[in-house]
Amino acid sequence: MHADAVVLDVDGVLVDVADSYRRAIVESIARLYDRTIDKSDVQQFKDAGGFNNDWELTYAAALYLLADDREPISIAEFTDRIHERGGGLDAAEAVTEAHLDADDYDAVREAWDPEGLRAAFQALYLGADLYRELEGSEPPFEASGYIHDEPIIVEGETLDYLTSNHRVGVLTGRPAAEADIALTRVRLAVPENHRFTMDDWEEGKPNPRALTTLADRLGAESVVFVGDTLDDVRTAVNAAEEDPEHTYHGVGVLTGGLTGDEGREKYESVGAAAVVGSVNDLPELLTDEG
């Protein structure tokens, strides 16, 4: 596969977030509602689409539990309905409203606390000290912070190959400050104009604007975008449809929530150009010739 530029997602690609972001989703809900989803259930929301922002996924999962308390529904059915409505938090709210009668829906809205969920999530993920620094306020409770223990996936040799042979960009749903921490830990230096974070665009994946903008900024004719969710691959597919002047390849890795043969099949079903075991398999996939 030929590429002038390689654009990398962070979570599930460069660092493992199973016991950080995904753990924070599960535990922040438990702190507010004394009930939560399983960590494995997070992937069903990711697959539904539109949940590049893990805060919004947390809000949607809490909505699911509150709705399920009123009128039982499986997570599979709830997330399937979200997907049918286009994915994301707006779809989750619409599914909840359609599932419940008016009184139950009003009760769910009254109990739903996105602000409280976000504060708990950030306290768990960042820890108390970083929370005070980045959020500019006191955390709701003291915690050490899962961000400090994220295992590094990408190997130094892989980054050396990519930065020596390709123009490299980053496209992530992380806030800029949290992206900085991860990129520093993996020792990947990317100029600001060669990366997009949550702070740089409102649409989020799978909207292709960030990827097509990076293609222009990187001066690339052919771009490989490497991610760990179906929305990452959909972003590359959408970019190819919107911007025929460039070539885009979406590559899925099996080091995030999608794993094994099932993960490979899901990636391929949404148009992945390739699926690799991890980002460290990229050098074997990429060539210098078109």
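I will go through the pockets and the cavity of this predicted model.

A word on the basis. Residues are numbered from 1 along each chain as its sequence is written, and side-chain values use heavy atoms, with hydrogens and water left out. Because the model is predicted, local features need pLDDT of at least 70 and side-chain atom pairs count only at pLDDT 80 or more, while totals for chains, interfaces and linings use all residues.

On a 1 Å grid over the protein atoms alone, a cavity is a set of points where a 1.4 Å probe fits but cannot get out; a pocket is an open set with protein on both sides within 12 Å along at least five of seven lines; lining residues have an atom within 4 Å of a point. A volume is the space filled by probe spheres set on the points, which are joined across faces, edges and corners.

The cavity first. There is one of 30 Å³ or more, with a volume of about 270 Å³. Of its 23 lining residues, Asp11, Lys46, Asn52, Asp54 and Gly173 lie nearest the centre. Eleven lining residues are charged, seven nonpolar and five polar (Asp, Glu, Lys and Arg count as charged; Ala, Val, Leu, Ile, Met, Phe, Trp, Tyr, Cys and Pro as nonpolar; the others, Gly among them, as polar).

Now the largest pocket, at about 260 Å³. Asn53, Glu56, Glu202, Glu203 and Gly204 are nearest its centre, out of 14 lining residues. Why does it lie between domain 1 (5-16 + 151-287) and domain 2 (18-146)? Because both domains, whose bounds come from an automatic or database assignment, give residues to its lining.

The second largest pocket has about 170 Å³, and its lining includes Asp16, Arg22, Lys39 and Asp228.
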